[in-house]
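Me: I should like to study a protein structure by means of questions and reasoned answers. Please show the structure, and then let us begin with the place where its chains meet.

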Amino acid sequence: MEEIGMRQVAGEVTLRLEDVTKIYEMGDEKIYALDRVTLNVEKGDFLTVMGPSGSGKSTLLNMIGCLDLPDEGSVYIDEDDVTNLEDNELTKIRRDKIGFVFQQFNLIPTLTALENIELPMLIKRIPQDQCTKSAKNILSTVNLPEKFASHLPSELSSGQQQRVAIGRSLANDPSIILADEPTGNLDTKTGEGIMKLLKGLNEEGKTIIVVTHDPRLSSYSNKTVRIVDGRIEEDVS
Amino acid sequence: MFLKLARRNLSRHRFRSILAIVGIIIGVIAISSLGILGNSIKLSVTDSFGDIGNEIIVYPDYESGWSNLTKKEFNAIRKTTGVDVTIPVSQSSSQIQFGKDSTFTTVYGVDAIDMKALLELSSGQFQSGSRCVIGGVLADSFDLKHGDTVNLEGSSFKISGILKKQGMRFDISADRAIFITPKSYSSLYENEDYAMIIVKTQGVEEVEAVKERIEANLNKRKDRVMVFGMDMILESLDEFFGMLSKFLMGIGAISLIVAGVSILNVMLISTVERTKEIGVMRAIGSSRRDILILFILEATILGVIGGLIGGVLSFGGGYLVNIIILKKASYLFAPSSIVYIFIGVLFGVVTGVLGGLYPAWKASRMLPLTALKTE
C-alpha cells in the first residue's frame with residue numbers, strides 16, 4: 001500500500017480515501033475491486049488514475065463520485081465523511097461538489113447545449129435567468145461559440161459534445177471534476193483539445209481527476225497513480 | 001424546466017405519445033357522453049312528468065277490499081289543510097264503436113274544469129254535455145277527428161277535442177282513453193263512485209304533510225285509502241336515473257382504464273429506454289424526487305392533453321348519443337349535463353397521473369450507478 005500525498009507540501013486536502021475496500025461476490029468467490037486503497041488529493045491537483053480494464057479504476061471513480069459506497073474504509077470530501085450518508089445527501093454532494101465528465105458525453109438528448117449546462121443549476125433550483133447567464137459564461141469558458149448554444153447534442157460534433165459535457169460539470173462550481181476516459185471517444189487531435197481545456201480549468205484552481213488507460217494523458221497531470229487488481233501499485237508522479 | 005424537459009421527452013416518441021393521448025381522449029369521451037346521455041334521459045323523463053311534483057293520488061285500499069272512493073272521502077280530502085285542487089276521477093272500461101271499427105278503451109268521467117288542470121288539448125274543446133274528448137294516440141290510430149261521433153254503451157258522443165299525446169303518467173293514462181263528463185258517466189254506468197282522487201297541494205314541500213293528514217283522517221278506523229305522493233315517485237325516479245348515469249359512466253370508465261394501462265405501458269417503456277439518462281440525471285445531482293416529478297409530469301401531460309381534447313370532443317359525442325337515442329340534443333347544454341364533461345376531463349387527467357405513478361416510482365428507485373452503466 002502506497003501513501004500518496006504524504007510527501008507533498010501540506011496543502012488543502014479536498015479528497016481523501018482511507019483503506020477503501022469494495023468487494024464483489026461472484027458465487028463463492030470474493031473479488032476485491034478495491035483493496036484497502038488510501039489516497040489523498042489536494043485542492044488544485046490534476047490526478048491521473050491509470051490502469052487496465054477491470055483493475056478497479058472505475059470502481060474508484062464511483063467511490064469518489066459518491067455513486068457507490070465502500071464496503072470498508074472511508075471516503076472524505078472536503079474532510080466530510082460521506083461513507084454513511086443517505087441517498088439524498090450523496091445526491092447533494094454530487095450536485096454541488098462534483099462535476100462528472102463521461103466517455104460517452106451523456107448529454108440529455110432533448111436539451112440544447114445551453115440547457116444541458118443549465119440543468120445542474122436548475123436541479124439546484126437556481127432561478128432560470130441566473131442559470132442562463134451562468135451557462136452562457138460557461139459556454140465561453142469551454143470555448144464553444146455561442147451559435148452552438150441552441151444546438152441539440154445530436155447536432156454537435158463529438159468534441160463539441162464533450163465541451164458541453166465539461167461545461168455541465170462546471171455548472172454548480174464544484175471543487176472536483178471527475179473525468180472517466182474523457183478522450184476515449186475522440187480522435188487524437190480533438191482529445192488533445194479536451195485535455196488542454198481540463199488543464200486550463202486545473203490552472204484556474206479546479207481539482208481534476210482523470211481515469212484512463214491511455215498513458216499519454218498523464219502528461220497533463222501533476223500526479224499519477226496506477227491501479228492493478230484493486231490496489232494502488234505505484235506513484236508515477 | 002421540468003415541464004420543458006417532460007414535454008420534449010414526450011415529443012421524442014411523438015407517435016407513441018399520441019396513441020396514449022388518443023386512449024385518454026376515447027375514455028373521456030366515453031365517460032362524458034354516456035354520463036350526458038344518462039342525464040339527458042333523466043331530464044327528458046322528469047320533464048315529461050312536468051309539474052306533477054305537487055300531486056297526490058288517493059286510491060281505495062284494494063288490499064282491504066275497497067274498490068271505490070265516494071263523495072264522503074272526496075269531501076274529507078277537499079277539506080284537508082294544504083289541499084289546493086281536488087279532482088275526482090271515475091274510471092271504467094268499455095267497448096267503443098265508431099263507424100265500422102270498435103275497440104276497448106278506458107273511460108274516464110272527469111269534469112271539464114278539472115281536465116284543464118291535468119291535461120292539454122291539441123285541438124278542439126273539453127267535453128261537455130254529450131260531447132267527449134279522446135286521447136291523442138287513440139285519435140291517431142283510428143284517424144278520429146273532432147266532430148266525429150263515437151258510440152259508447154249505447155249512447156252517442158260527439159268528439160269535441162283531442163288531447164296532446166302524454167307519454168307515461170302516473171295518474172291518468174290518457175293517450176288511449178275517452179273522457180266524458182261526470183254526469184254522462186254516472187248515467188251511463190249508474191255509478192257515482194270514483195276510482196281515484198287526484199289532489200294538488202299548494203306547493204311541493206307540502207306534499208308529505210298533506211299526504212299524512214289525508215291518511216290520518218281517512219284511515220282512522222280502517223284502511224280506507226292508499227295515498228301516493230308524486231314527490232316520492234319523482235325522488236325515486238331521480239335516484240334511478242342517477243344510478244343509470246353512473247352505470248353508463250362505469251361502462252365508459254372501462255375504456256379509461258384501458259387508456260390508463262396504455263399510459264402505464266408507455267411510461268414503463270420510457271423508463272427502460274431512458275435508464276442510462278436517468279443514471280446521468282442522478283449522477284449530476286437530480287434527487288429521487290426530481291426523477292419522480294419528471295416522470296409523473298410526463299404522464300400528467302398526456303392525461304391533461306387527452307382530457308382536454310376529450311372534453312371538447314365530448315360535446316360532439318354527447319350530441320351524437322342524444323340525437324341517436326333521444327332524437328334531440330337540447331339537454332346537452334343543461335348545466336347538469338356539462339358537469340359530466342368536467343367529470344370526464346377530471347377522470348382523464350387522474351388516469352394519466354395514476355398511469356405514471358408506478359413507472360415514476362420505478363425510475364426514481366433506480367440505483368444511479370446501475371442506471372448509469374446500462375447501455
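Me: How much area is buried between chain B and chain A?
Reply: This is a predicted model, and every value here is computed from it. The size of an interface is often given as the accessible area lost when the parts come together. Carbon and sulfur atoms give 62% of the area buried between chain B and chain A. The total buried between these two chains is about 2,200 Å².

Me: Which three residues supply more than any other three of the area that chain B buries against chain A?
Reply: In this interface, 24 residues of chain B are in contact with 25 residues of chain A. Three residues of chain B supply 28% of the area that this chain buries against chain A. They are B:M1, B:I284 and B:L369.

Me: How many salt bridges does the rule find across the interface of chain B and chain A?
Reply: A salt bridge requires a side-chain nitrogen of Lys or Arg within 4 Å of a carboxyl oxygen of Asp or Glu. A:E115 and B:R8 form a salt bridge, with their closest N and O atoms 2.4 Å apart. Across the interface of chain B and chain A, the number found is 5.

Me: Which elements of chain B help to cover the buried residues of α2(A)?
Reply: Helix α2 of chain A spans residues 87–97, and its buried residues include A:L90 and A:I93. The cover from chain A includes β4, β6 and α3. Chain B contributes as well, through α9, α10 and α12.

Me: Why are the buried residues of α3(B) on the same side of this helix?
Reply: The buried residues of helix α3 of chain B are B:E73, B:F74, B:A76 and B:I77. They lie on the same side of α3(B) because they cover an arc around the axis of only 165 degrees.

Me: Against which elements of chain B do the buried residues of α3(B) pack?
Reply: One of these buried residues is B:F74, which is touched by B:P88. B:P88 lies in strand β2 of chain B, and β2 is among the elements against which the buried residues of α3(B) pack. The full list is β1, β2, β9 and α7.

Me: Is B:P88 buried or exposed?
Reply: Residues touched by B:P88 include B:G109, B:V110 and B:Y194. The limit for a buried residue is under 20% relative accessible area. B:P88 has a value of 14%, so this residue is buried.

Me: Which residue of the salt bridge between A:E79 and A:R16 is buried?
Reply: The closest N and O atoms of A:E79 and A:R16 are 2.9 Å apart. This pair links distant parts of the chain, with A:E79 in the loop between β4 and β5 and A:R16 in strand β1, 63 residues apart. A:E79 is partly exposed at 43% relative accessibility. With a relative accessible area of 18%, the buried residue is A:R16.

Me: What is the relative accessibility of A:K206, which meets A:D173 in a salt bridge?
Reply: The N to O distance between A:D173 and A:K206 is 2.4 Å. The two residues are 33 residues apart, each in a loop of chain A. A:D173 is exposed at 57%, whereas A:K206 counts as buried, with a relative accessibility of 13%.

Me: Which residues of chain B make a nonpolar surface patch of about 480 Å²?
Reply: One member, B:I323, is in helix α10 of chain B. B:I323 is partly exposed, with a relative accessible area of 31%. The patch is made by B:Y319, B:L320, B:I323, B:I324 and B:I325.

Definitions and conventions:
Residues are numbered from 1 along each chain as its sequence is written. Chains are lettered from A and ligands numbered from 1 in the order in which they are written. This is a predicted model: local features need pLDDT of at least 70, side-chain atom pairs count only at pLDDT 80 or more; totals for chains, interfaces and linings use all residues. Side-chain values use heavy atoms; hydrogens and water are left out. Buried means under 20% relative accessible area, exposed over 50%, partly exposed in between (1.4 Å probe, protein chains only). Helices (H or I, at least four residues) and strands (E, at least two) are DSSP runs, numbered from the N terminus. The arc is that of the directions from the helix axis to the C-beta atoms. Contact means heavy atoms within 4.5 Å. Patches are made of residues with over 30% relative accessible area and no salt bridge: like charges are joined within 9 Å, nonpolar side chains (Val, Leu, Ile, Met, Phe, Trp, Tyr) within 5 Å. Accessible areas come from the Shrake-Rupley method with a 1.4 Å probe; for residues, only the protein chains shown count as cover. Buried area is the accessible area (1.4 Å probe) that two parts lose on being put together, summed over both. Lists of a residue's contacts leave out its neighbours within four places in sequence.
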